[in-house]
Amino acid sequence: RGAGRPVQLRGTHLAGKPFMQDGVPFFVPRPGGDGGAFICLVEKAGSSAWKVLLGAIIRRSRPLRRAEVAARWRNASIPRVAIVRNPYSRLLSIYLDQVVGAHARPRFQRAYGRGNFTAFAQQMLRRARTEGHHRLNGHFQPVVYHCGLGPPGAPQRFDYALKIEQQALWYGPLVKVLGAAEEAAQPVGGRAGRRRAQCFYAPPGCTCLGEVVATSNVTRLTTSHETGADGLLARHVRAREADTITRFARADLERLAYPPFDGVDAAAYARLLSGLLPGDLSPEGAREYCSRWHATLSVQ
């Protein structure tokens, strides 16, 4: 994990609310027992959704003081987990949500909203080169500049970097580590206008019970991200934009082992990142895929 500069740690509750801040690792205790995990959430990598689940777990647990959290940080048996996202979808999602979307921040609109996504990506690259990645707002920084993840060559403080594109593969094991089966089975809602889900997460095309909803959803590899950026890569990120993002976020590609995207076939890139096998896209394979995912939740 390396030593490096100390990471800021706080208690699990601040003013009666769970402490969960993007870019800062926080401890999630396992309710009713020992264990738990340190979690790093990053803007536009599923952080808003995951705070719903993790906040429910923390509220069900005994509040921990800063010293208790620090002692757990020094305990090598407690896993440190970061949830990450590929830089192409993440930067596009930031642009669609924070710069030009309905939830755009005025200061980001003023600074970056005068051009299209191509101009925005180029501006990010110029600023990173002239000011440094670490000077950018946390929304725009590559993932490895959060939580002490560290760019290539820096100390690594985390045991697992879980790719949000492969959530179907690691969701069950993480729920088990956190002892969160009760919270994960609860219905959750999203922003206004989004349909209320019957559980925290199920893979695209699968129900919460592991049955197939629509095979075409599995084929399209749709996601639950608010902006739908994964499905918009083909429209916004072509060869020119892909090259700009590759140069801007090269540290993410190297440290997190994301393959570069050439801007040619967004659907093929999504399949590559997802970990889906070709057989999972057939009707029979989709049923097996959903059933296999649900089986990962069955033993706590």
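## Terms and overall picture

Helices, which are runs of at least four residues, and strands, which are runs of at least two, are assigned by DSSP and numbered from the N terminus. With that naming in hand, C147 can be placed in the loop between helix 5 and strand 6, the latter covering residues 160-163.

The structure described here is a predicted model, and its chain holds 13 helices and 6 strands. Of the 300 residues in the chain, 48% are buried. If one takes the contacts between residues at least 6 apart in sequence, 71% of them join residues at least 24 apart.

## Helix 1 beside helix 6

Helix 1 (residues 47-59) and helix 6 (residues 167-178) have axes that come within 12 Å and cross at roughly 15°. Because angles under 35 degrees count as roughly parallel, helix 1 is roughly parallel to helix 6. The crossing of these two helices is right-handed. On the helix 1 side the contact is made by W50, L54 and I57, while helix 6 supplies Q167, W170, Y171, L174 and L178. Sorted by chemical character, the residues of this contact comprise 7 nonpolar, 1 polar and no charged.

Each of the two helices can also be considered by itself. Helix 1, with 13 residues, reaches 17 Å from its first C-alpha to its last, which is close to the 18 Å expected at 1.5 Å a residue; its buried residues are S47, W50, L53, L54, G55, I57 and I58. The 12 residues of helix 6 should span 16 Å at 1.5 Å a residue, and the end C-alpha atoms, 15 Å apart, agree with this. The buried residues of helix 6 are Q167, A168, W170, Y171, G172, L174, V175 and L178. Just after helix 6, G179 takes a positive phi of about 60°.

An α-helix has 3.6 residues a turn, so residues three or four places apart point the same way. This is useful to keep in mind when looking at W50, L54 and I57 of helix 1, which take part in the contact with helix 6.

## Helix 5 and F120

Helix 5 (residues 117-131) is the element in which F120 is found. At 1.5 Å a residue its 15 residues should span 21 Å, and the end C-alpha atoms of helix 5 are 21 Å apart, which agrees. Buried in helix 5 are F117, T118, F120, A121, M124, L125 and A128, and the buried residues of this helix pack against helix 3 (87-99), helix 4 (106-112), helix 9 (233-236) and helix 10 (239-248).

What surrounds F120, once its neighbours within four places in sequence are left aside? F120 is in contact with L91, I94, Y95, V99, Y112 and F140. F120 counts as buried because its relative accessibility is 1%, where the cut-off for a buried residue is under 20%. Between F120 and L92 there are 9.4 Å from C-alpha to C-alpha, although these two residues are 28 apart in sequence.

## Two positive phi angles in loops

C147, a residue other than glycine, has a positive phi near 60°. With a relative accessible area of 3%, C147 is buried.

A257 is not a glycine either, yet its phi is positive, at about 60°. This residue lies in the loop between helix 11 (250-255) and helix 12 (266-274). Is A257 buried or exposed? Its relative accessibility is 51%, and A257 therefore counts as exposed, the cut-off for that class being over 50%.

Key
Residues numbered from 1 in each chain as written. Predicted model: local features only at pLDDT ≥ 70, side-chain atom pairs only at ≥ 80, totals over all residues. Heavy atoms only, no water. Axes fitted to C-alpha atoms, helices over the stretch in contact; angles between N-to-C directions. Parallel < 35°, antiparallel > 145°, perpendicular 65-115°, else oblique. Left-handed = near helix turned anticlockwise from the far one by under 90°. Contact = heavy atoms within 4.5 Å. Nonpolar A, V, L, I, M, F, W, Y, C, P; charged D, E, K, R; others polar. Expected span 1.5 Å × (residues − 1). Buried < 20%, exposed > 50% of the residue type's maximum accessible area, 1.4 Å probe, protein only.
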